[in-house]
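Colleague: I have a model open and want to learn how to read it. Can you take me through some features?

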Amino acid sequence: MKFSEIAYKRVDVEAAKTKIKALTEQLEKAESFAAADKVFLEFETFCDNEISTMRTIAQIRRDIDTRDPFYDGEISFYNQEMPKLRPLFKAWTDTLLKSPFRKEFEEKYGNVSFINAEISARSFVPELVEDLQKENELVTRYTKLIASAEIPFNGETYTLSQLSPFKLSPDDETRRGAWLAEGEWYVSHQAELDEIYDSLTKLRDSMGKKLGHKSYTPLGYDRMERNCYTEKDVEGFREGVRKYLVPVATEIYKAQAKRLGFEYPLTFADKDLAFRSGNPRPVGTPQDILNMGTTFYSELSAETKEFWAHMREHEMMDVESRPGKSAGGYCTGLPLLKSPFIFANFNGTAHDVEVITHEAGHAFASYVNRDRIPSDIQWPSLEGCEVHSMSMEFFAEPWAEGFFGDDARKFRYTHLASAITFIPYGTLVDHFQHKVYEKPEMTPEERHAVWQELLKVYMPWVKLDGSPFYGEGKNWQRQSHIYKNPFYYIDYCLAQSVALQFWARIREDRNAAFETYMAYTRLGGSRVFTDLLKAAGLKNPFDPECLKQVSEEAAAFLAEYDLSGIE
Ligand SMILES: [Zn+2]
C-alpha cells in the first residue's frame, strides 16, 4: 500500500487508557510466563499499530502540507491528549520491571529494553512535571526565534536555511556577506538567546538536584539513554580527539588555506569553502537523484535492493521541496506497515545526496529490523543509529560519479575531510556543555568565554576576527542541540569514529566491509552500543587505538589525494 492510500484513524485516547490499564492488570495477575508473554505481545501490537502508527501518519501528513487544517488539528489533539497516557505507560513499565517472569522475558527478548526502562524510570519523578513543561516552553521559544529569522541580504529577505547556500558561495564577496548578514541577525537577538539558555541551564541544574545528583549532567546522560559508557569514557574520547584528530584536521585546513590563497588560520566565512570553483554539487533533477539511489542500492547488495524497491513502490518518501511543506528532514517508522518513512526537502546541494545515503541508511536499519520484538529495540540508542547512516554515506562513494558527475573527485575528498574535521567540532560542543552544567551559576559572558577557550583547543584553524557573532566566538548559540537536546552531540562523533573504520575497510574489501555492516545492522538495538561494535568486530571509539588508527589512515589518504586539475 502506498503511503498516500493508508487510512488514518484518530487514536481514541479514552479507549487506549482503558486498554492499557486492563493489560497492565492482566500482566500483574499472570500466573505463568506464557500468560505474561501473551499480554506483553498484545500490548506491543496495540501501542505500535493503533497508537504510534496513527500518530506518525498524522505528523507526516501535517509536515507534507502544514496548511492542511485537518492534520494540523490532529497534531494539536495529540499534543494535548497524549501526555495523559504517560502515567499509564509508566505503570505498565513498572509492572514489567517487577514481573516475577522478568528473567524469562530477558531470556526471550534480551535485556536492553529492561536496562533502558530502568534508566527512564530513574530519570523521572512527578515533581519534575512542571520543570519539564517550562523546559519545553523555553525550547519552543528558541525554535520559534530561530524560525522567525528574516535576514536582509542582497536586497532580499531570507530565513536561516534559505541563506545557507549563499554561505557556501565560491564568490568571496557573496559568501562573506551572507555570513556577516547572519551574524548580525544573531547579534541583534543576543540578549534573548543568552536569557533563554541561562534559564535552561538553571532549570536543568535544579532538575538534576531534585533527583539527588550534584548537577544536571548525570540526568542529562540518563535522558540520552547512555547505557554503556560514562562521563569518564567521554573524557577519554576527548583526549583522543585532541591528540589524534585535531592535528589531522589542522593539516586539512592549512592545505585548504593554501589551495584557496586564504590566510591561515581561517575565518568562519572562509573555512567552509573547500575549492575555488565551489564545493561539490549533485547533478540532475530530484528525480535523477532518486533514480541514482535506485542504482546505488540495487548494486550494493540484495538486502539494500529489496529495501529501496519497497521504499519507492510504496512511496515511503517525500523529499521534494514544495510550498507549505515543513522545513527539515527525518526518518521515522510506521510499525503497522512494517516500513520506515523518509521526509526531506531537496535544495540542490550535496544535502540531497545525503538524504539518499544518510537518511536512507537509518531507514534501511529500521527495515532490516522491522520484525524485531519489542519494537523499542528495532533501533539502538542514537550513537548506534548514526553508525547506520554515516557509514552508508561511505558505502555510496563508489557511486559518486552518478550523484556528482564531474564533481565526484571533489566529493570524495571533502566527504572524508569533513568527516575528520567534524569530530573536533562535535566534541567541542559536548565539552562545552559539561562545563556549563558543572557551573550553572556562570553569567552569559562567562559562558561565551568558556566557548572561546575551548575553540582554541578544538578548532585552532579558525581565527576570531571580531566579525559579528562568529568572529566574536559566540557561535555555539546556533547549534540547536545545545538548547534542545543537551549532550546529544557526542553521539555523532562516536558514530563518525565507527563510520571512518568502514571508510578504511571499504577501500580494502567492499564486500567484507558490507558483511561487517550487516552484522552490526542486523542486531538492531538488541545490544548496547559498545556490545554491538564488539559483536560486529568493530573498534570501540573509547579505545584510544580507534581514533589513532582512523586518523592516521585518513591523514595518509588525504595527503596523497590527487587534486590536480581541480580549481
Ligand atoms: Zn542521522
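Modeller: We go through the metal site, a strand, the core and a surface residue.

Modeller: This is a predicted model, so local features need pLDDT of at least 70, side-chain atom pairs count only at pLDDT 80 or more, and totals for chains, interfaces and linings use all residues. Residues are numbered from 1 along each chain as its sequence is written, and side-chain values use heavy atoms, with hydrogens and water left out.

Colleague: Which protein atoms are the donors of the zinc ion?

Modeller: Donors are N, O and S atoms within 2.8 Å of the metal (3.2 Å for Na, K and Ca); water is not among the atoms, so sites may look incomplete. Here they are H358 (NE2), H362 (NE2), E386 (OE) and E386 (OE), at 2.1 to 2.5 Å from the zinc ion. Along the chain the spacing reads H-x3-H-x23-E.

Colleague: Where do H358 and H362 lie?

Modeller: Helices are DSSP runs of H or I, at least four residues; strands are runs of E, at least two; both are numbered from the N terminus. H358 and H362 sit in helix α16 (residues 351-368), 4 residues apart, about one turn of the helix. Both are buried, meaning under 20% relative accessible area; exposed is over 50%, partly exposed in between (1.4 Å probe, protein chains only).

Colleague: How is strand β5 paired with β4?

Modeller: Two strands pair if DSSP finds at least two bridges between them. β4 (residues 330-334) runs antiparallel to β5, over 5 bridges. C331 stands opposite I342 of β5. The two strands form a hairpin with 4 residues between them, and K338 in the turn has a positive phi of about 50°. β3 (residues 317-318) pairs with β5 in the parallel sense, over 2 bridges.

Colleague: Which residues of β5 lie on each side?

Modeller: In a regular strand, side chains alternate between the two faces of the sheet. In β5, S339, F341 and F343 are on one side, P340 and I342 on the other, and all are buried.

Colleague: Which helix gives the most to the largest nonpolar core?

Modeller: A nonpolar core is a set of buried Ala, Val, Leu, Ile, Met, Phe, Trp, Tyr and Cys residues joined through side-chain atoms within 4.5 Å. The largest one has 184 residues; F237 and F395 are among those touching the most other members. Helix α19 (residues 408-438) gives the most, with 15 residues.

Colleague: Is E567 buried or exposed?

Modeller: E567 is exposed, because its relative accessible area is 60%. It lies in the segment after α25 (544-560).
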